[in-house]
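Here is a short set of exercises to work through with the model open in your viewer. Try each task before you read the solution below it.

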Amino acid sequence: MTEQGVGRVLVIGAGLGGLTLAHALVRAGIDVRVYEADDGSGERFQGYRIGLASPGMEALRASLPQRLYELVEVTSGSLTGPGLLFDEQLTVLSRDLEGPPAEARAVDRQVLRRILLGELGDRVAHGRRLAGFAEEPGGTVTARFADGTQATGEVLVGADGGNSVVRRHLVPEVGLVDSDLCGAMGRTPVTDRFLRLVPGRGTMVRGPGITLMLGRMQFGREPSEAAAELAPGLDMPYRDSYVRWVLMVPPEHPAATDPGRGQQDARELVLDLIDGWHPDLRDLVRSADMSAVGRSKIYDRPMPSWPVGRVTLLGDAAHLTLASGGNGASTAMQDAVRLCARLAAVNRGERDLTSALGEYRDDLLERGNAAVEFGKQALKRFIPATAAGDAR
């Protein structure tokens, strides 16, 4: 800590949590720089629609400039209405499927990330893959990047995802393990026919041994049009509303055991698995404009504590949750506002940096480990226990 306050905060990773933290720090008058490994030339595939419950939305409201928060709100979609359970021929089995709370909002992950990049300007540097870092005797921390550059600040925050370089240094005993879960995911532009499959907060189609999950991303306003009005100059491509579908691939299927499938087109795989299902479901998959196959990883144990210094963690770097919990983004955003509040108190001279970061760490571990466990338990709603294993 410098005499003037916290000094510069280095954020490693420009995902949803890291960018929320950057906005919160700017709002609190704290200098921040974000370093992202991606070169910024395109959008990384990280899934499509996500649900943000009220804690996530409140974190964005507390962090973003007003016009950017309004852009999140007006482009988000409703998550109200019935949750349906069908069989593979679209016979209704239940109209009361458990789902997100009524106040939650559906947001597109890529749209949200573009909004979060807005107004940060040169505070975000792309193409900076972290190679290592060191706490210096003079009360600073230096980050070293693979391109040979360095950055120095008073605090470093690892918001660099499940494969976090920062976490591997702070908590080397915790590694990632394969969750034995493989999912095929796609995005299909909306039509009246496909929207009828998802009239409410979500739909589950349960066939013999497999489950197809559907969610609608119906933008309140088309994002590029809304951005032109509310945030002129923000780079926002045109986006069609869509239905997101996810199928958990049986663990014995070749696609589930071949990690090389990675970003391959998922349509043919899913069409093979749902052969004989209702034509509306098969046409939904066939009409997808984007799809991919991927595996999930989780930590091999609950995240333990680490010594408090000038380096800490945020988001998936500290609590890698399964998508079944629907709480990863919201938890990361709560991390951001809670960390910022503590750093702001340090900046005002109300407390010391060590105790603030220690308190944040303890709070993070309690909430983060609970969020991970919630995702594991929620998984049981989507696939049989025999397919999920014990999800570790």
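**Exercise 1.** Find the bridge partner of Tyr35 in strand 8, and then trace how strand 2 is paired.

*Solution.* Step 1: the partner of Tyr35 in strand 8 is Ala125. Step 2: strand 2 and strand 8 (residues 124-125) run parallel and are joined by two bridges; two strands count as paired if DSSP finds at least two bridges between them. Helices (H or I, at least four residues) and strands (E, at least two) are DSSP runs, numbered from the N terminus. Step 3: strand 2 (residues 32-35) also runs parallel to strand 1 (residues 9-12), with four bridges between them. Here Val9 stands opposite Val32. Step 4: strand 1, helix 1 (residues 16-27) and strand 2 form a right-handed β-α-β unit. Right-handed means that, with the strands pointing away from the viewer, the path from the first strand over the helix to the second runs clockwise.

A word on the ground rules: this is a predicted model, in which local features need pLDDT of at least 70 and side-chain atom pairs count only at pLDDT 80 or more, while totals for chains, interfaces and linings use all residues. Residues are numbered from 1 along each chain as its sequence is written, and side-chain values use heavy atoms, with hydrogens and water left out.

**Exercise 2.** Describe the cover of helix 4 and what sits at its two ends.

*Solution.* Step 1: helix 4 spans residues 109-117, and eight of its nine residues are buried, where buried means under 20% relative accessible area, exposed over 50%, and partly exposed in between (1.4 Å probe, protein chains only). The buried residues are Arg109, Gln110, Val111, Leu112, Arg113, Arg114, Ile115 and Leu116. Step 2: at the N-terminal end, Asp108 acts as the cap, with a side-chain oxygen 3.0 Å from the backbone nitrogen of Gln110. Step 3: after the helix comes Glu119, with a positive phi near 70 degrees. Glu119 lies in the loop between helix 4 and strand 8 and is not a glycine. Glu119 counts as partly exposed because its relative accessible area is 41%.

**Exercise 3.** Leu90 also has a positive phi; where does Leu90 lie, and is it buried or exposed?

*Solution.* Step 1: phi of Leu90 is near 65 degrees, in a residue other than glycine. Step 2: Leu90 is placed in the loop between strand 5 (83-87) and strand 6 (92-94). Step 3: Leu90 is buried, since its relative accessible area is 18%.

**Exercise 4.** Work out the surroundings of Ser63.

*Solution.* Step 1: Ser63 belongs to helix 2. Step 2: with a relative accessibility of 2%, Ser63 is buried. Step 3: its side chain reaches the backbone oxygen of Ala59 at 2.8 Å. Step 4: leaving aside residues up to four places away in sequence, Ser63 touches Thr20, His23, Ala24, Arg27 and Val337, where contact means heavy atoms within 4.5 Å.

**Exercise 5.** How many salt bridges are there, and which residues form some of them?

*Solution.* Step 1: apply the rule, a side-chain nitrogen of Lys or Arg within 4 Å of a carboxyl oxygen of Asp or Glu; the count comes to 20. Step 2: one of them joins Arg61 and Glu73 (4.0 Å, N to O). This pair links distant parts of the chain, Arg61 in helix 2 (residues 54-63) and Glu73 in helix 3 (residues 66-75), twelve residues apart. Arg61 is partly exposed at 40%, and Glu73 is partly exposed at 37%. Step 3: Glu225 pairs with Arg221, with the closest N and O atoms 3.5 Å apart. Glu225 is partly exposed at 47%, and Arg221 is partly exposed at 24%. Step 4: Arg351 pairs with Glu359 at 3.2 Å between the closest N and O atoms. Arg351 is partly exposed at 26%, and Glu359 is partly exposed at 36%. Step 5: Arg193, Asp280, Asp283 and Arg286 are joined into one network by salt bridges that share partners.

**Exercise 6.** What do the totals for the protein chain come to?

*Solution.* Step 1: the protein chain has 13 helices and 18 strands. Step 2: of its 392 residues, 55% are buried. Step 3: among contacts between residues at least 6 apart in sequence, 74% join residues at least 24 apart.

Definitions and conventions:
Polar contact = N/O pair within 3.5 Å; in protein donor to acceptor, adjacent residues only side chain to side chain.
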